[in-house]
Amino acid sequence: MNTYSFSPGRSLAVQLDEQDELGVYRKEFYVNPSTIYMDGNSLGLLSKRAELAVLESLQDWREHAIDGWTAGQHPWYTLSERLGALVAPLVGAEPDQVIVTGSTTVNLHQLVATFYQPEGKRTKIVADELNFPSDIYALQSQLRIHGFSPEENLIRVASRDGRFLDEEDIIAAMTDEVAMVVLPTILYRSGQILDMERLTAEAHARDILIGFDGCHSVGAIPHAFDKWDVDFAYWCNYKHLNGGPGAVGGLYVNRKYFGKLPGLAGWFGSDKMKQFDMEHQMTPAETAGAYQIGTPHVLSAAPLLGSLSIFAEVGIERIRRKSLLLTTYFMDLIAHELDGFGFTIGNPTDEKRRGGHVSLEHPEAARICKALKENKVIPDFRAPNMIRLAPVALYSSFTDVWEVVQRLKAIMAEKQYEKFENQRNVVA
Ligand SMILES: Cc1ncc(COP(=O)(O)O)c(C=O)c1O
Ligand SMILES: Nc1ccccc1C(=O)C[C@H](N)C(=O)O
């Protein structure tokens, strides 16, 4: 892999595929042979291991009924904890600091309800103007619940160019009126990685708590939440972790808060041995498990049992290495083949700041995406002008990337996109 030297012909793609030590994992996934899937950063593909885990969970239900909580192949009572332990190495945490529960937005509500404790003039929450809308809605509503107006108390750090955030600007927003900072690990549109270590240190130097939305980074890049001393994080498991549509999400809580009462409490946050004492005085788990609410959605968590076993086997470092080579190759091909067609690379090119996808900006982006789909390439479109293309280390090949660029070149050269309206679909 370290012999990469760019050339535009297909032979380099073939050579990179031959050298690819992760190439064997492609056959573990249901890759539709007639399409090239570039949307694993929105919904990861089904793996055979994930499918098997769901079937085994159904078998547990069929055979054990209520006893499936403690018997069967994947006892449900401790499933969330066991899955948390499997995700923990991917976020740089100890097993008891991670729990698989809820969903991204629900977990954010839980964590803000737990950790946002306005005091005196420290009432503000810092976010950013590029974050995913659901996070912003959640923060606005949490402020309202506390009786604060979001207009005054939610600071959305501005982007200088509409693509990226500058850490300097975020740090400048950390005033003594700020109680909490909530930011993405990787921006969903441009794929920029924020410097989480630096931002955490700067927030803590000002007595501000900081949490991260890891939707676009968990399973794509390594993290060191524990080492960086991040206060909390939350993410979905259906993108890079391939947990399936609406898969149960995940959250991380720094060990120093173990024992802190959950803002939104429910009986599955109890100490597991106490839970069935049925007392009205809650005894929360002394782990991140305390931030669960109700009964786990077992069938929406089950695929992760299979999917995460692939991550445990491969390791996030190797995934990241291949992912970077895939996106480097992608950008080199784009520069060589698509020059003059009006595209701008909208993701960071620097490896330290580049996440798992390539973002191409173009005024006709919506209809170019439609033409790509007609050409059996699955990207996604993000308003107003972005085409996201995610080659995924576990199941995309270098030949896929080469093919995508050739098809895109034909679409542009032949203006194939002109037959579509330049408007997004209902689900873009
Ligand atoms: C960065 C980010 N945050 C939040 C969400 C919302 O997640 P959910 O709908 O699972 O709550 C998404 C994707 O849907 C996302 O990409
Ligand atoms: N949850 C979804 C449901 C339907 C369609 C897309 C999503 C996504 O996850 C989009 C993704 N968060 C994004 O980065 O745009």
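## Exercises on two domains and a strand

In this predicted model, 18 residues of domain 1 are in contact with 17 residues of domain 2.

**Exercise 1.** State which element gives the largest share of the side of domain 1 that touches domain 2, and how the residues of that side divide by type.

*Solution.* Begin with the element: helix H11, residues 316–337, supplies four residues, the largest share of the side of domain 1 that touches domain 2. Next, sort the residues of that side by type: five are nonpolar, seven are polar and six are charged.

**Exercise 2.** Give the bounds of both domains and the distance between their C-alpha centres.

*Solution.* Take the bounds from the domain assignment: domain 1 is 10–30 + 315–419, and domain 2 is 51–313. Then take the centres: the C-alpha centres of domain 1 and domain 2 lie 29 Å apart.

**Exercise 3.** Determine which residues of strand S8 (residues 250–253) point one way and which the other, and whether they are buried or exposed.

*Solution.* Step one: Gly 250 and Tyr 252 point one way from S8. Step two: Leu 251 and Val 253 point the other way. Step three: all of these residues are buried.

**Exercise 4.** For strand S2 (residues 98–100) and strand S7 (residues 232–235), find the sense of pairing with S8, the number of bridges and a residue that stands opposite one in S8.

*Solution.* Start with S2: this strand runs antiparallel to S8 and is joined to it by three bridges. Here Val 100 stands opposite Gly 250. Continue with S7, which pairs with S8 in the antiparallel sense over four bridges. In this case Tyr 234 stands opposite Leu 251.

Key:
Residues are numbered from 1 along each chain as its sequence is written. Chains are lettered from A and ligands numbered from 1 in the order in which they are written. This is a predicted model: local features need pLDDT of at least 70, side-chain atom pairs count only at pLDDT 80 or more; totals for chains, interfaces and linings use all residues. Domain bounds come from an automatic or database domain assignment. Two residues are in contact if their C-beta atoms, placed from the backbone, lie within 7 Å. Helices (H or I, at least four residues) and strands (E, at least two) are DSSP runs, numbered from the N terminus. Ala, Val, Leu, Ile, Met, Phe, Trp, Tyr, Cys and Pro count as nonpolar, Asp, Glu, Lys and Arg as charged, and the others, Gly among them, as polar. A residue is buried if 20 or more other C-beta atoms lie within 10 Å of its own, exposed if 12 or fewer, and partly exposed in between; C-beta atoms are placed from the backbone. Two strands pair if DSSP finds at least two bridges between them.
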